[in-house]
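New to this one? Take a slow look around first, and then we'll walk through it together.

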Amino acid sequence: MAALDTLKAFFEASLKPSPVVFAIGFAFVLFFPVLLHILVTQKSTYTTLPSVLLVGPSGAGKTALLTLLERGPLSAPAGEKPSLTGPASPAPTHTSQAPAAVELAVSTDGTSSFRDDLDATGATAKRFLLIDTPGHAKLRRLALSHLSPAKPSTSPTSSYSATPKSRLKGLVFVLDAAALADGDALPATAAYLYDVLLALQKRASGAKGSKPPPAIPVLIAANKLDLFTALPAALVKSNLEAELGRIRKTRSRGLLDSGVGADDDVAGIEEGDDWLGEYGSDKFSFKQMLEFDIEVEVVGGSVLGDGPGADRWWKWIGQRA
Amino acid sequence: MLDTFEILTTSGVVLWSRTYAHVSPSVVNNFIADVFIEEKSSVVGAKDGASAAVNPPYKYDQHTLRWTFEKELGIIFVAVYRSLLHLSWIDKLVDHIKTIFVKLYGDQLKKPNTTIVECLKFDEYFDQQLHELEQTGGKPDRSEVRALEDDADLEIPGEKSPAPPSLIQRSRPHDTLDSSPVATPSASRPSTPGVNHLVVAKAGPVAKMSRRARKGHNTNSGLVSSGDEGSAKKSKAKAAKRGRKWDADGFADEDDDVQLDYSAPNAITSDSEAEAAGRLGAVEEVDASTWGSNTKGKFVLRDLGEEVHSILASADAKNSIEKFDSPAGLVGSSLSAISGLFRNVVGGKVLTKEDLDKAMKGMEEHLLKKNVAREAAVRLCEGVEKELIGVKTGNFESIDARIRKAMEASLTKMLTPTSSLDLLREIDSITAPPATSLRKARPYVMSIVGVNGVGKSTNLSKICFFLLQNKYKVLIAAGDTFRSGAVEQLAVHVRNLKELTAREGGKVELYQKGYGKDAATVAKDAVAFAAQEGFDVVLIDTAGRRHNDQRLMSSLEKFAKFAQPDKILMVGEALVGTDSVAQARNFNAAFGTGRSLDGFIISKCDTVGDMVGTLVSIVHATSVPVLFVGVGQHYSDLRNFSVKWGVEKLLSSN
């Protein structure tokens with residue numbers, strides 16, 4: 001009986017407008033959302049870090065760049081650990097078969113060098129993932145699958161979901177500027193770039209609903225500028241634009257893909273669906289991609305050697321991430 | 001000697017490497033591209049975690065690569081050496097290094113989102129293994145030598161055997177070394193005093209013996225998986241060591257000698273040092289050097305040796321346990337069966353071979369029904385099975401769904417071409433080369449080969465129609481100088497095409513020399529004529545031939561040499577079944593070394609519905625991509641092959 005009485009008393013007290021109850025209620029109302037917010041944001045940082053994708057043909061230096069950026073902080077404190085090779089150096093690499101992701105940190109204003117060890121300085125850091133993809137032609141679907149908005153096999157009625165699995169913040173297309181000088185590498189490189197840009201364009205234009213997908217800027221990193229034969233960034237840009245224009249033309253004149261037209265459900269293909277950039281334009285330039293909110297920038301640099309280094313790429317990545 | 005040893009991940013980062021002689025990175029890159037990505041090696045399941053002895057060695061540019069692959073962690077172990085050398089112990093080294101590396105750094109490798117593995121200390125482990133194997137592998141196993149030694153002793157009992165062996169060892173080494181420097185590899189001398197005894201007894205037999213023994217050893221390593229071998233050898237080696245100590249006990253001063261000899265090989269860390277020490281020859285000098293370096297480091301190294309041995313032994317033990325793993329009790333098995341059933345539905349199940357077997361059978365049946373040749377279906381299924389063993393299924397994902405997904409990925413990878421197949425772009429770059437290049441403009445030459453009646457002429461005219469629409473000037477060469485009516489048939493096609501495309505600006509002509517002429521000469525003349533008259537593309541038709549008729553196929557080599565086609569396309573029927581594999585292989589090999597097919601055209605796809613298995617069969621047999629598919633009777637019924645379309649058709653169930 002006594003227990004019931006105390007319970008009753010407690011209920012009455014909690015419903016009375018006493019200052020204690022007010023204080024507790026007020027505190028609850030105030031702190032609950034804050035707690036919830038902390039809980040949720042903490043969780044989300046672990047599940048979906050913003051990510052930057054590295055793509056490009058085989059042998060361009062994607063994995064080397066990845067390891068350079070990752071190992072940057074390690075070799076920086078020369079005082080404590082006598083580093084073996086002086087400045088930050090990438091690990092030796094070979095042809096990749098599988099994608100690799102690396103967690104990197106950049107200071108919140110995006111100005112820190114990749115050689116700074118942010119944990120040591122205690123600066124607030126943004127963390128993001130840098131995803132390396134294999135460049136071999138048979139494995140490119142691994143890279144392009146990051147760009148496709150949704151699985152094509154899912155029902156076509158479901159509109160594009162605004163929260164993709166990975167929060168893709170930028171795309172770095174690494175290419176070998178030294179190889180572009182001779183004839184064969186340019187068409188192959190440009191063909192891959194064409195596929196990437198077309199996937200991005202379709203992603204932007206194919207989005208339904210009011211909210212367009214977040215724009216993905218593209219950095220074309222002209223690597224290996226430390227080599228004598230390498231083309232400077234401006235020349236890389238103009239060569240690529242010319243080649244992309246040519247590819248665009250031949251693709252538009254090419255045969256239809258098998259399956260197109262045979263099945264009735266794909267009957268609604270519009271003309272110009274596969275046309276990169278401004279439809280019907282004569283010459284291609286990267287500026288045309290702005291129409292689809294795709295900002296393309298060509299920046300030179302080098303992973304190895306005494307060239308311009310990778311600092312400008314890192315700055316770009318840091319700002320976008 | 002070993003040129004380089006590398007440990008790298010599937011994502012391309014080299015975790016650890018040791019280089020003795022510079023090897024171009026392209027060697028390893030080509031190895032990865034050929035073996036892992038394009039899967040050119042015909043050995044099924046080469047991606048498995050099999051030992052290096054089983055994996056076929058990869059040869060490239062005077063180098064031979066022995067390798068093994070750790071699937072779970074995604075690491076490849078590669079040893080590169082000159083093909084001229086015959087190093088029988090390499091596969092064992094690769095396997096041992098794999099075991100040690102995985103044991104030591106496996107935890108680090110499982111960390112997500114990093115490529116850094118701290119393995120600076122691995123140098124020591126590697127050196128230890130390398131020396132141990134160089135000594136045991138370059139020479140016969142100690143135990144074997146010992147047995148042979150005994151024989152030798154028996155053969156010549158009167159000569160020197162009465163003296164205690166240890167005494168002989170003390171007094172004799174100089175002479176024997178001088179008299180028979182070839183008898184034993186010098187580097188291994190200090191480590192095997194037991195052998196020395198024998199050498200003393202008689203130099204000749206040892207040399208003979210070791211050769212014999214080595215042969216036996218080589219054949220061994222070729223056949224047996226090296227794990228068992230390693231354990232066997234280790235136990236033998238241990239026995240030998242114990243015996244030596246016991247021998248030495250009789251002489252107080254010998255004790256030190258033996259111990260030093262035992263540890264000496266470990267103390268020598270670099271090759272050059274080892275060689276130098278070996279060259280000194282005199283046992284006393286080696287002794288002195290080891291006395292001098294009797295520091296802490298040596299003991300550390302010796303501990304290392306023991307640690308390595310224990311790692312290898314535990315790995316062996318685990319393997320043998322797994323082999324004889326008996327099923328658990330009745331309750332245990334039924335419990336696991338129930339949870340397995342549950343997980344079949346819910347997902348999160350770790351797939352085993354038993355789980356997969358039945359489902360893979362179903363998948364194989366499905367592929368066979370789609371007209372995939374059995375050979376290709378079996379290989380695909382085995383590849384997928386290897387890939388899936390040990391993989392965890394996703395949430396609410398059934399095994400079948402997972403297999404389907406893996407098969408889709410596998411098919412996509414197989415059918416995706418390695419290089420871009422933009423035909424118009426290629427023609428442009430040949431007929432109108434960029435000003436910077438030194439090439440001269442010339443007509444682009446394409447030829448079409450195939451078995452009788454698959455539609456060579458029809459597909460040729462379809463391609464011609466496509467090119468005419470793109471305003472090229474096309475010359476068709478009638479290379480079929482054998483079958484009656486073949487030239488007339490092409491003439492009809494040309495007449496039709498002329499009418500069809502007259503308005504669009506294309507131009508097409510027929511080049512023909514009648515019947516009975518040599519086809520290769522006709523083709524060559526046609527190319528010369530086209531260059532003269534300013535044609536852009538030459539399309540050469542050829543006579544149909546049976547792929548297993550040597551006489552007919554041999555003329556293709558001459559044809560390829562005379563006409564120098566930029567592209568040789570083979571037409572294959574979608575209707576044909578298992579024979580497609582042999583057709584593709586024989587045609588691919590018919591053009592002599594250095595020339596192969598550049599692509600396939602699969603005709604009559606409209607007649608088979610979704611049973612397009614021929615696609616898979618021929619690509620599987622040759623790793624040559626499919627360029628076009630014929631989907632109808634009209635000139636316009638030619639399509640680029642879309643990988644997605646093909647895979648969807650292959651996996652669709654009805």
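What follows is a tour that goes from the whole model to single residues.

Some ground rules first. Residues count from 1 along each chain as its sequence is written, while chains are lettered from A and ligands numbered from 1 in the order in which they are written. This is a predicted model, so to speak of local features we need a pLDDT of at least 70, side-chain atom pairs count only at pLDDT 80 or more, and totals for chains, interfaces and linings use all residues.

How confident is the predictor? The model scores ipTM 0.72 and pTM 0.72. For chain B, the mean pLDDT (the predictor's confidence in each residue, from 0 to 100) is 74, and 68% of the residues reach 70 or more. One stretch of chain B to read with care is 139-299, where the pLDDT is below 50. Beyond near neighbours in sequence, that stretch has 167 contacts in the model; two residues are in contact if their C-beta atoms, placed from the backbone, lie within 7 Å.

Let's begin with chain A. It has eight helices and six strands. Here helices (H or I, at least four residues) and strands (E, at least two) are DSSP runs, numbered from the N terminus. Walking from the N terminus, you meet the elements in the order α-α-β-α-β-α-β-α-β-α-β-α-β-α. Of the 321 residues in chain A, 38% are buried. A residue is buried if 20 or more other C-beta atoms lie within 10 Å of its own, exposed if 12 or fewer, and partly exposed in between, with C-beta atoms placed from the backbone. Among the chain A contacts with a separation of 6 or more, 77% involve residues 24 or more positions apart.

Two residues of chain A are worth a stop. A:Phe32 sits in helix H2 (residues 19-47) of chain A, and it is exposed because 10 other C-beta atoms lie within 10 Å. From the C-alpha atom of A:Phe32 to that of A:Leu227, 195 residues along the chain, the separation is 59 Å. The other stop is A:Asp293, in the loop between helix H7 (233-253) and strand E6 (296-300) of chain A. Most residues other than glycine have a negative phi. A:Asp293, though, has a positive phi, near 70 degrees. It counts as partly exposed, with 16 C-beta neighbours inside 10 Å.

Now, where do the chains meet? The contact takes 40 residues from chain A and 43 residues from chain B. On the chain B side, strand E2 (14-19), helix H1 (25-37), helix H17 (399-415), helix H18 (423-431) and strand E13 (638-640) each supply at least two residues. H1(B) gives the largest share, seven residues. By type, the chain B side divides into 19 nonpolar, 18 polar and six charged residues. Ala, Val, Leu, Ile, Met, Phe, Trp, Tyr, Cys and Pro count as nonpolar, Asp, Glu, Lys and Arg as charged, and the others, Gly among them, as polar.

E13(B) turns up again in a sheet. Eight strands of chain B form an open sheet with mixed pairing, in the order E8-E7-E9-E6-E10-E11-E12-E13; two strands pair if DSSP finds at least two bridges between them. Strand E8 (507-511) and E13 of chain B are at the edges with a single partner strand each, so one side of each has no neighbour in the sheet. On average, neighbouring strands of this sheet are turned by 25 degrees against each other, direction ignored.

Look closer at the E13(B) end. Strand E12 (residues 626-630) of chain B runs antiparallel to E13(B), with three bridges joining them, and B:Phe628 stands opposite B:Asn640 in E13(B). With strand E11 (residues 599-603) of chain B, E12(B) pairs in the parallel sense, over three bridges. There, B:Phe600 stands opposite B:Val626 in E12(B). Five of the five residues of E12(B) are buried, so this strand is largely enclosed by the rest of the structure.

One helix lies across part of the sheet: helix H22 (residues 550-563) of chain B crosses E6, E9 and strand E10 (567-573) of chain B, running at about 170 degrees to E6(B). Axes here are lines fitted to C-alpha atoms, for helices over the stretch in contact, and angles run from 0 to 180 degrees between N-to-C directions. In the loop between H22 and E10 of chain B you'll find B:Gln564, which has a positive phi of about 50 degrees although it is not a glycine.
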